[in-house]
Amino acid sequence: MAHSHRLVAVLGIATLMSVLGTNKLHAAPRPESSMDAVTLTAWLLVDDGQIGDVQVEVEVNGTVVQGRPEDNGRVELMLPSDVVAKVRFIKPGHLTKEVLVDTHHVNDGDFHGKQRQLKFAVTLQALKELGGQTYPGPVGTISFDDGGGCLAVLHDKRLVPAPQLPQFKTF
């Protein structure tokens with residue numbers, strides 16, 4: 001049953017399976033083997049402790065799949081090599097976070113033929129705590145070095161004023 005709550009590789013034409021029960025949502029080409037993929041595990045922490053309304057979106061090659069984390073906040077997915085995936089963590093009343101995962105060069109260097117795994121935590125903060133601020137882009141970028149395949153991680157936790165919607169006068 002736990003496997004039906006994760007985003008995992010599908011042994012068919014596509015790569016991703018939704019964390020929504022047994023509903024399969026597909027995106028991206030199927031990896032040649034599990035060695036041509038990266039397993040990503042994210043652990044969600046939420047200010048209010050409520051995970052049930054968190055939405056996870058994964059965009060690969062223009063296709064978006066959506067799902068939910070497990071009850072304990074765990075999100076697991078398998079990404080094919082040679083793609084850039086956008087992983088978004090969304091919760092009503094909280095600031096959305098996006099992480100880019102670039103799987104190009106995942107098999108470079110001494111890592112060829114080894115299953116690659118990424119693990120990280122994501123904290124979603126309540127909007128009311130941030131005073132009208134937002135992130136200007138992804139909060140993290142994870143990639144693999146060209147030629148060596150070593151993990152490269154960039155963080156950007158800067159906050160900027162959120163764009164204001166235009167105010168219209170009523171007559």
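Colleague: Is strand E4 of this model largely enclosed or left open by the rest of the structure?

Modeller: In this predicted model, strand E4 spans residues 74-80. Buried here means under 20% relative accessible area, and six of the seven residues of E4 are buried, so the strand is, with respect to the rest of the structure, largely enclosed.

Colleague: In what order do the three strands of the open sheet that contains E4 stand?

Modeller: Strand E1, residues 37-46, pairs with E4 in the antiparallel sense over seven bridges, and within that pairing Val38 has Leu79 of E4 as its bridge partner. E1 is also joined to E7 by nine bridges, and these two strands run parallel, with Val46 of E1 bridged to Leu124 of E7. The pairing in the open sheet is therefore mixed, and the order of its strands is E4-E1-E7.

Colleague: Which strands stand at the edges of this sheet, and by what angle are neighbouring strands turned against each other on average?

Modeller: E4 and E7, the latter covering 116-124, each have a single partner strand, so one side of each is left without a neighbour in the sheet, and the edge strands are E4 and E7. With direction ignored, the average turn between neighbouring strands of this sheet is 20°.

Colleague: Which residue in the loop between E6 and E7 has a positive phi, and is that residue buried, partly exposed or exposed?

Modeller: Most residues other than glycine have a negative phi. Asp82, in the loop between E4 and strand E5, has a positive phi of about 65° although it is not a glycine, but the loop between strand E6 (97-102) and E7 holds His105, where phi is near 70°. The relative accessibility of His105 is 29%, so His105 counts as partly exposed.

Colleague: Which strand supplies the largest share of the lining of the largest pocket?

Modeller: The largest pocket has a volume of about 330 Å³, and of the 17 residues that line it, the closest to its centre are Val99, Phe120, Ala121, Val139 and His155. At least two lining residues come from each of E6, E7, strand E9 (140-144) and strand E10 (151-155). The largest share, six residues, comes from E7.

Colleague: Which residue lies over the face of Phe111?

Modeller: A search of the whole structure for aromatic pairs finds zero. The face of Phe111 nevertheless has a residue lying over it, at 3.8 Å from the ring centre, and that residue is Arg116.

Conventions
Residues are numbered from 1 along each chain as its sequence is written. This is a predicted model: local features need pLDDT of at least 70, side-chain atom pairs count only at pLDDT 80 or more; totals for chains, interfaces and linings use all residues. Side-chain values use heavy atoms; hydrogens and water are left out. Buried means under 20% relative accessible area, exposed over 50%, partly exposed in between (1.4 Å probe, protein chains only). Helices (H or I, at least four residues) and strands (E, at least two) are DSSP runs, numbered from the N terminus. Two strands pair if DSSP finds at least two bridges between them. Rings of Phe, Tyr and Trp (its six-membered ring) pair if their centres lie within 6.5 Å; planes under 30 degrees apart count as stacked, over 60 as edge-to-face and the rest as tilted. A charge sits over a ring if NZ of Lys or CZ of Arg is within 6 Å of the ring centre and within 35 degrees of the ring normal. Axes are lines fitted to C-alpha atoms, for helices over the stretch in contact, and angles run from 0 to 180 degrees between N-to-C directions. On a 1 Å grid over the protein atoms alone, a cavity is a set of points where a 1.4 Å probe fits but cannot get out, and a pocket is an open set with protein on both sides within 12 Å along at least five of seven lines; lining residues have an atom within 4 Å of a point. Grid points are joined across faces, edges and corners, and a volume is the space filled by probe spheres set on the points.
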